[in-house]
Amino acid sequence: MPATRPVRIGADTVTTDEDLVVRSPFDGSEVGRVPRCDASHVERAVRAGVAALADPLAPWQRAEILDAAAHAMVRHRDELARTIAQEAAKPIRTARVEAERTVVTFQSAAVEARTLVGEVVPIDGASPGAGKLAFTLRVPRGVVAAISPFNFPLNLVVHKVAPAIAAGCPVVLKPASQTPLSAILLQEILMDECGLPPGWLSIVTGSGGAIGDPLVEHPDVAVITFTGSPDVGWAIAAKAADKHVGLELGNNAPVIIEPSGDWQAAAAKISVAGFSHAGQSCISTQRIYVHRSIADEFTSALVERVEDLVVGDPLDEATDVSSLISESETERVRAWIAEAVEAGAEVRCGGDLVDGVLAPTVLSGVTPEMEVCRSEVFGPLVGIIAYDELDDALAQANDTRYGLQAAVFTAELATALRAARELDFGGVLVNEVPTFRTDQMPYGGVRDSGNTKEGPHYAVREMTRERLVIIQS
Ligand code: NAP
């Protein structure tokens, strides 16, 4: 039985009487134990953050810590990747990419720490301002409560912790209960190897239902940064009306493939973008609107590639697709497939379990009322919808409660520009899948996809506020 992995709260190394057991979603084996924190641990963690704020880190110190972290992520890449693969069942090659991405996230945050500025305010543009000079300073908002999901247990934590360090804000992190080990390893690296002083990152592990409210309602928490499902996210926002709340939520990403578009390139990209981490990405390609004139060729090309994906153990270098995070999630997606088939969709490949893992699935004949179209699948499944008119494809793509990223494949400049104007999403991609992301770009959605942008440059602005300074000369 693995020993309990303690968390750090302030300067203390903390265990609890009762543990939270972390199991591999692939084979159910125990991969670790972490403390089961309660409201008293949340209180200690927030108090440690308040104490840290009283002894601020200078911007150059923040930058040096972040630079050191970027180097440490390179050194620890394999250990981090293995931890992600074990606790999240993310195939090891994909887990390695997640670990590598944190390097850019930390590097970008270090740039922000070094360059964070306010602006000069032209105060003498109005007569009472004559003879005065004004500018703004960007100051830390205060203690940040960060709540993260299971699907990117390392890089999405870094997307909260790194900008907070750059902004000069201490963090209390609550990682997902299914995947807390990557976050704890990150904390150990930051505190033991990168010079992050106690209090700047405390971790409370435990169920969101038990420690969520004490954290998000704590009067000394100034900022909440949440990534996860819309129901949980909006409920937190409702409880924290006096705080600055950033939400990164779900999506059911559409892509439109026009007759002039390179549909072979689209098929190749979607065979990865719909199935990476078994579709458990908020920008996993899900709804494929393909012009009827190329639908058959496109579908055959996609199915051929998807059938080649290797299903199995996440620790096997050959594996492309492994288990969903839980059996209940597997059963949910299977039920949605059954409902779609009942309503007239056709399974072109997949649809069944292979050694307990849901095989990558392509459905055609999908219609808007099916769950696989209107809801977020978060599983290894794409649905194909043939269309005749671009107007209709754009309207169907927009007909969603979500709005994170959408895409179009076209060789026509006018169509690309029209899609950019009319697709009502946080990001629109042309000749690229909606699943594309780099870690420094502005990333965030509208409607039930959220209310903020991540990427260190943007997140740092969420975690700081502007203070106006006026000087009478
Ligand atoms: P989730 O169930 O909403 O959980 C997210 C986090 O919220 C977990 O740490 C969870 O803790 C915590 N939580 C649960 N109930 C809470 C409460 N009452 N108060 C405070 N915290 C609470 O989401 P998930 O299943 O982990 O992640 C999947 C979702 O995340 C999908 O919808 C996906 O699209 C979205 N996502 C969005 C982005 C983006 O950038 N837009 C990125 C990745 C994922 P426990 O684990 O202890 O329950």
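Which residue in β19 is the bridge partner of I256? In this predicted model, that partner is V408. I should like to begin from this pair and work outwards through the structure.

Let us take strand β19 itself, residues 405-409. β12 and β19 run parallel and are joined by three bridges. The chain then leaves β19, passes through helix α14, residues 413-422, and arrives at β20; this β-α-β crossover is right-handed. β19 and β20 also pair in the parallel sense, here over four bridges. Two of the facing positions can be named: Q405 stands opposite G427 in β20, and A407 stands opposite L429 in β20.

Is β19 covered or open to solvent? The strand is mostly covered, with five of its five residues buried. Q405, A407 and F409 point one way from the strand, whereas A406 and V408 point the other way, and all are buried. V408, with which I began, is thus among the residues of β19 that are buried.

I turn now to the sheet as a whole. Seven strands form an open sheet in the order β14-β17-β18-β13-β12-β19-β20, and their pairing is mixed. At its edges are β14 and β20, the latter comprising residues 427-430, and each of these pairs on one side only. On average, neighbouring strands of this sheet are turned by 25 degrees against each other, direction ignored. Helix α9, residues 263-273, packs on the sheet and touches β12, β13, β18 and β19. The direction of α9 makes about 165 degrees with that of β12.

One residue of this sheet deserves individual attention. I385 lies in strand β18. How buried is I385, in terms of relative accessible area? The value is 6%, and a residue counts as buried under 20%. Leaving aside residues up to four places away in sequence, I385 touches R287, I288, Y289, V290, V366, C373 and Q396. For one of these, I288, the separation in sequence is 97 residues, while the C-alpha atoms are 6.0 Å apart in space.

Next, helix α11, which spans residues 327-342. With 16 residues at 1.5 Å a residue, α11 should span 22 Å, and its end C-alpha atoms are indeed 22 Å apart, which agrees. Its buried residues are T330, R332, V333, W336, I337 and A340. Seen down the axis of α11, these buried residues fall within an arc of 160 degrees, so they line one face of the helix. The face turned away from that buried side carries the exposed residues E327, S328 and E342.

Against what does the buried side of α11 pack? Its buried residues pack against β14, β15, β16, β17, α12 and β18. Among these elements, β14, β17 and β18 also appear in the seven-stranded sheet. Just after α11, G344 takes a positive phi of about 115 degrees.

A second helix offers a contrast in burial. Helix α5, residues 155-167, has 13 residues and reaches 18 Å from its first C-alpha to its last, close to the 18 Å expected at 1.5 Å a residue. In α5, 13 of the 13 residues are buried, so this helix is largely enclosed by the rest of the structure. α5 is followed by G168, whose phi is positive, near 85 degrees.

Finally, I come to another group of elements, around strands β10 and β11. β10, residues 221-227, runs parallel to β11, and five bridges join the two strands. T225 stands opposite G246 in β11. Together, β10, helix α8, residues 230-239, and β11 make a right-handed β-α-β unit. β11, residues 244-248, is mostly covered, since four of its five residues are buried.

Helix α7, residues 208-216, has contacts with this group. Its buried residues are I211, G212, L215 and V216. Viewed down the axis of α7, they fall within an arc of 120 degrees, so they line one face of the helix. What covers these buried residues includes α1, β7, β8, β10 and α8.

To close, I return to the opening pair. I256 has V408 as its bridge partner in β19, and β19 lies between β12 and β20 in the order of the sheet. Thank you for your attention.

Terms used. Residues numbered from 1 in each chain as written. Predicted model: local features only at pLDDT ≥ 70, side-chain atom pairs only at ≥ 80, totals over all residues. Heavy atoms only, no water. Expected span 1.5 Å × (residues − 1). Buried < 20%, exposed > 50% of the residue type's maximum accessible area, 1.4 Å probe, protein only. Arc of directions from axis to C-beta. Contact = heavy atoms within 4.5 Å. Pairing = 2+ DSSP bridges. Axes fitted to C-alpha atoms, helices over the stretch in contact; angles between N-to-C directions. Right-handed = clockwise from strand over helix to strand, strands pointing away.
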